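User: I've got a fold on my screen and I'd like to go through it by question and answer. Can you walk me through it?

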Amino acid sequence: MANLGLSDVLVRSENKTLLPIFNRLRQRNDIMSHLQWKEASHKTYHRFLHRSSEPSGSFVALGEGISGSRSEVGVVIEPMGVLKDLSEIPEDIVRVSQNPMQFRFDEDVAFLDGLAKKLVASIFYGSQASDANAFNGLSTRYNALSKFNVVGAGGSGGSDTSAWIISNSADDGVAVIYPAGSGSAGITMRDRGMQYVDQSASNNARVFSVFTEFEFAMGLAVADHRAALRYCNIEPTTNIFDITEFIDLCKEAWDLSTTRAYVNRLVWGQVQKAALAQSGNSITYPEDSLGRQATAIFGMPFHMVEQLGSEATVS
């Protein structure tokens, strides 16, 4: 399957029950609909080749031979994690509600919101060193000022945050990966029906409960490290960072047509003020691919990500 957005994947799915799930996910987490969603090469991981060097050729004199050269590639394995949870509601509570189906849906929504927030947090902060069953997020990859595309803002208080510039180019950008053969982008919600369960081990009390199982099977692939830039060590409460520098970095993004900036609420307000100070026409409101109004600064769409929180200082 070609690289698609989440909406494209789910619209093509035969399981139409997933559409309201997607609508809920994108309403609460813009980044879920912006990133490319790519079918992995395997069920539990994605394998691809990364070109580490390219032939450069040589200038030669007339009659001089050509020695030849070749490119070099390395194999990259990106693992996936399976995020699961189970909703359990006593059947009699569901039954006495005014609208049993709506009651269960409202409870399911709470689970969807919670799992989606954890997934977004994992996209930025996931670490297999902390949780072997998870996947490595962007901060784990862009974790030192000496690394390519990691720029420090000057903060050193230990409670900093980061702003991100991310390309979702189909071929070499940042993509969410999901298991090979999944027609639902790795997202599953199963009605497990009613079951008889033990409520208390002390008195053998039992109760009928209705169950819904939730599963998000996915990971993160970065085909080219130029596809993301981390502007870290921001101290948003004390305004210790160069807003103009960040805006300039946005202007220099390598592929403006597929690039977006992601910041938390505190940084978002400061960036808008700095942009308007540079130009009264710096902020525009174009429609995104889903027909929703977006906010763009100097042509680059900006989005708030509440999961971008307090971080240790990057050195």
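User: Is Glu-213 buried or exposed?
Analyst: Keep in mind that this is a predicted model. The cut-off for buried is under 20% relative accessible area. Glu-213 comes out at 11% relative accessibility, so it counts as buried.

User: Which residue does Glu-213 meet in a salt bridge?
Analyst: The partner sits in strand S8, whereas Glu-213 is in strand S9, and the two are 21 residues apart. At 41% relative accessibility, that partner counts as partly exposed. The N to O distance is 2.6 Å, and the residue is Arg-192.

User: Which residues are joined with Glu-213 into one network?
Analyst: Salt bridges that share partners do the joining here. One of the pairs involved is Arg-192 with Glu-213, and another is Glu-215 with Lys-84. Besides Glu-213, the network takes in Lys-84, Arg-190, Arg-192 and Glu-215.

User: How many residues apart are Glu-215 and Lys-84?
Analyst: Their side chains meet in a salt bridge, 3.5 Å from N to O. Glu-215 is buried at 15% relative accessible area, while Lys-84 is partly exposed at 46%. Glu-215 belongs to strand S9 (residues 205–222) and Lys-84 to strand S4 (residues 72–90), so going by the chain numbering this pair links distant parts, 131 residues apart.

User: Which residue forms a salt bridge with Arg-104?
Analyst: Arg-104 lies in helix H5 (residues 100–125), and its partner is in strand S8 (residues 187–200), 87 residues away. Arg-104 counts as buried, at 14% relative accessibility. The partner counts as exposed, at 55%. With the closest N and O atoms 3.2 Å apart, the partner is Asp-191.

User: How many salt bridges does the structure hold?
Analyst: Those already covered include Arg-104 with Asp-191 and Arg-192 with Glu-213. The total for the structure is 11.

User: Why is strand S10 described as largely enclosed by the rest of the structure?
Analyst: Strand S10 covers residues 228–234. It pairs with strand S5 (residues 150–152) in the parallel sense and with strand S6 (residues 161–167) in the antiparallel sense. The description rests on the burial count, because the buried residues of S10 number seven of the seven.

User: Which residue in S10 is the bridge partner of Val-150?
Analyst: S5 and S10 pair over three bridges, and S6 and S10 over five. On the S6 side, Ile-166 stands opposite Ala-228. For Val-150, the bridge partner in S10 is Arg-230.

User: Which element gives the most to the largest nonpolar core?
Analyst: That core has 37 residues, and Phe-124, Leu-138, Ile-166 and Val-174 touch the most other members. Elements giving two or more residues to it include helix H2, helix H3, S6, strand S7, S9 and S10. The top contributor, with eight residues, is H5.

User: How many residues are in the other core?
Analyst: This one lies apart from the largest core. Ile-165, Tyr-231, Ala-261 and Phe-302 are among its members. Its size is 23 residues.

User: Which side chain makes a polar contact with the side chain of Thr-161?
Analyst: Thr-161 lies in strand S6 and is buried, with a relative accessible area of 2%. Leaving out residues up to four places away in sequence, it touches Tyr-231, Cys-232, Val-267 and Leu-308, among others. The polar contact, at 3.4 Å, is with the side chain of Asn-264.

User: What arc do the buried residues of helix H7 cover around the axis?
Analyst: H7 spans residues 243–251, and its buried residues are Ile-243, Phe-246, Ile-247, Leu-249 and Cys-250. They pack against several elements, including S5, S6, S10 and helix H8. They are on the same side of H7 because the arc is only 155°.

User: What share of the protein's residues is buried?
Analyst: The secondary structure comes to eight helices and 14 strands. Counting contacts between residues at least 6 apart in sequence, 75% join residues at least 24 apart. Of the 315 residues, the buried share is 46%.

Definitions and conventions:
Residues numbered from 1 in each chain as written. Predicted model: local features only at pLDDT ≥ 70, side-chain atom pairs only at ≥ 80, totals over all residues. Heavy atoms only, no water. Salt bridge = Lys/Arg side-chain N within 4 Å of Asp/Glu carboxyl O. Helix = DSSP H or I, 4+ residues; strand = E, 2+ residues; numbered from the N terminus. Buried < 20%, exposed > 50% of the residue type's maximum accessible area, 1.4 Å probe, protein only. Pairing = 2+ DSSP bridges. Core = buried A, V, L, I, M, F, W, Y, C linked by side-chain atoms within 4.5 Å. Polar contact = N/O pair within 3.5 Å; in protein donor to acceptor, adjacent residues only side chain to side chain. Contact = heavy atoms within 4.5 Å. Arc of directions from axis to C-beta.
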